[in-house]
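Work through the exercises below with the coordinates open, trying each task before reading its solution.

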Amino acid sequence: QEVHAAELERTFIAVKPDGVQRGLISEIISRFERKGYKLVGIKVVVPSKEFAGKHYHALKEKPFFNGLSEFLSSGPVVAMVWEGEGVITYGRKLIGATDPQKSEPGTIRGDLAVVVGRNIIHGSDGPETAKDEINLWFKPEELVSFTSNAEKWIY
Ligand code: RTP
């Protein structure tokens, strides 16, 4: 079955400052890569608190919004765009429930995190937020489109 890169879905994934400090970047990338998803953009950035607030704008009425924005801007974040069939929804499955106490073993948060305020990774929760978050974090020229040789064995 032939699948063209342009048809494939994209999502925004970020290793948060706790994941970076704990040396979990490669572990997280590896889980998405081994699944069969394709990395089409990546950079290391320290977001400003204002930028972090933009990223979390949907949560601005929450009591933890200020602390959350402060935390996201507290150090380097690895911002990524991953591509593949169902990557938005399945990426969230790989990540696990928001609260690591409730995420299943086998998921990233289930295996690697303990509390909700330090849950090491972010993933877009739907097609609209994926589009918005990719646009917020990346310029179009920072993303690549390509067909990998492995794709004919994945699709
Ligand atoms: P994310 O966007 O980071 O993938 O997380 P999510 O959709 O699973 O969860 P969401 O409700 O959007 O919350 C975003 C992030 O806010 C922090 N949080 N803290 N009760 C709390 O202290 C609390 N609840 C949520 C978490 O870092 C969560 O990932």
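The exercises that follow concern a predicted model, and each task is followed by a stepwise solution.

**Exercise 1. The sheet**

Task: Determine which strands stand at the edges of the sheet and why one side of each is left without a neighbour.

Solution. Begin with the order of the strands, which is β2-β3-β1-β4 in an open sheet of four strands with antiparallel pairing. Next, take the ends of that order: β2 (38-45) and β4 (121-123) each have a single partner strand, so one side of each lacks a neighbour in the sheet. As for the twist, neighbouring strands are turned by 15° against each other on average, with direction ignored. Finally, inspect one pairing in detail: strand β1 (residues 10-15) and strand β3 (residues 77-83) run antiparallel and are joined by six bridges, and within this pairing Arg 10 stands opposite Glu 83 in β3.

**Exercise 2. Helices on the sheet**

Task: Establish which strands helix α2 lies across, and at about what angle to β3 the helix runs.

Solution. Helix α2 (residues 25-35) lies across β1, β2, β3 and β4, and runs at about 5° to β3. Then turn to helix α7 (residues 127-137), which packs on the sheet and touches β1, β2, β3 and β4, its direction making about 60° with that of β1.

**Exercise 3. Buried faces of two helices**

Task: Find out where the buried residues of α4 fall when seen down the helix axis, and do the corresponding analysis for α5.

Solution. First list the buried residues of helix α4 (residues 65-72), namely Phe 65, Leu 68, Ser 69, Phe 71 and Leu 72. Viewed down the axis of α4, these buried residues fall within an arc of 160°, and therefore line one face of the helix. The elements they pack against are α1 (17-21), α3 (49-55), β3 and α7.

Now repeat the procedure for helix α5 (residues 87-95), where Val 87, Ile 88, Gly 91, Leu 94 and Ile 95 are buried. Seen down the axis of α5, the buried residues fall within an arc of 115°, so they too line one face of their helix. On the other side of α5, Thr 89 and Lys 93 are exposed. The cover over the buried residues of α5 includes β1, α2, β3, α6 (108-112), β4 and α7. To complete the description, note that α5 is followed by Gly 96, whose phi is positive, near 95°.

**Exercise 4. An annotated histidine**

Task: Decide whether His 122 counts as buried or exposed, and identify the residues with which His 122 is in contact beyond four places in sequence.

Solution. The record comes first: an unreviewed UniProt entry lists His 122 for "active site". In the model, His 122 lies in strand β4. Its relative accessibility is 11%, and since buried means under 20%, His 122 counts as buried. Leaving aside neighbours within four places in sequence, His 122 is in contact with Phe 12, Ile 13, Ala 14, Lys 16, His 55, Tyr 56, Ile 95, Arg 109 and Glu 133.

**Exercise 5. Two residues towards the end of the numbering**

Task: Describe the setting of Glu 151 and that of Ser 145.

Solution. Glu 151 lies in helix α8 (residues 151-154) and is buried, with a relative accessible area of 7%. The side chain of Glu 151 reaches the backbone nitrogen of Ser 148 at 2.8 Å. Ser 145, by contrast, sits in the loop between α7 and α8 and counts as exposed at 60% relative accessibility. The side chains of Ser 145 and Arg 10 are joined by a polar contact of 3.3 Å.

Technical notes
Residues are numbered from 1 along each chain as its sequence is written. This is a predicted model: local features need pLDDT of at least 70, side-chain atom pairs count only at pLDDT 80 or more; totals for chains, interfaces and linings use all residues. Side-chain values use heavy atoms; hydrogens and water are left out. Two strands pair if DSSP finds at least two bridges between them. Helices (H or I, at least four residues) and strands (E, at least two) are DSSP runs, numbered from the N terminus. Axes are lines fitted to C-alpha atoms, for helices over the stretch in contact, and angles run from 0 to 180 degrees between N-to-C directions. Contact means heavy atoms within 4.5 Å. Buried means under 20% relative accessible area, exposed over 50%, partly exposed in between (1.4 Å probe, protein chains only). The arc is that of the directions from the helix axis to the C-beta atoms. UniProt positions are given in the numbering used here, feature names are shortened, and annotations may be inferred rather than shown by experiment. A polar contact is a pair of N or O atoms within 3.5 Å; within protein, one must be able to donate a hydrogen and the other to accept it, and residues adjacent in sequence count only if both atoms are side-chain atoms.
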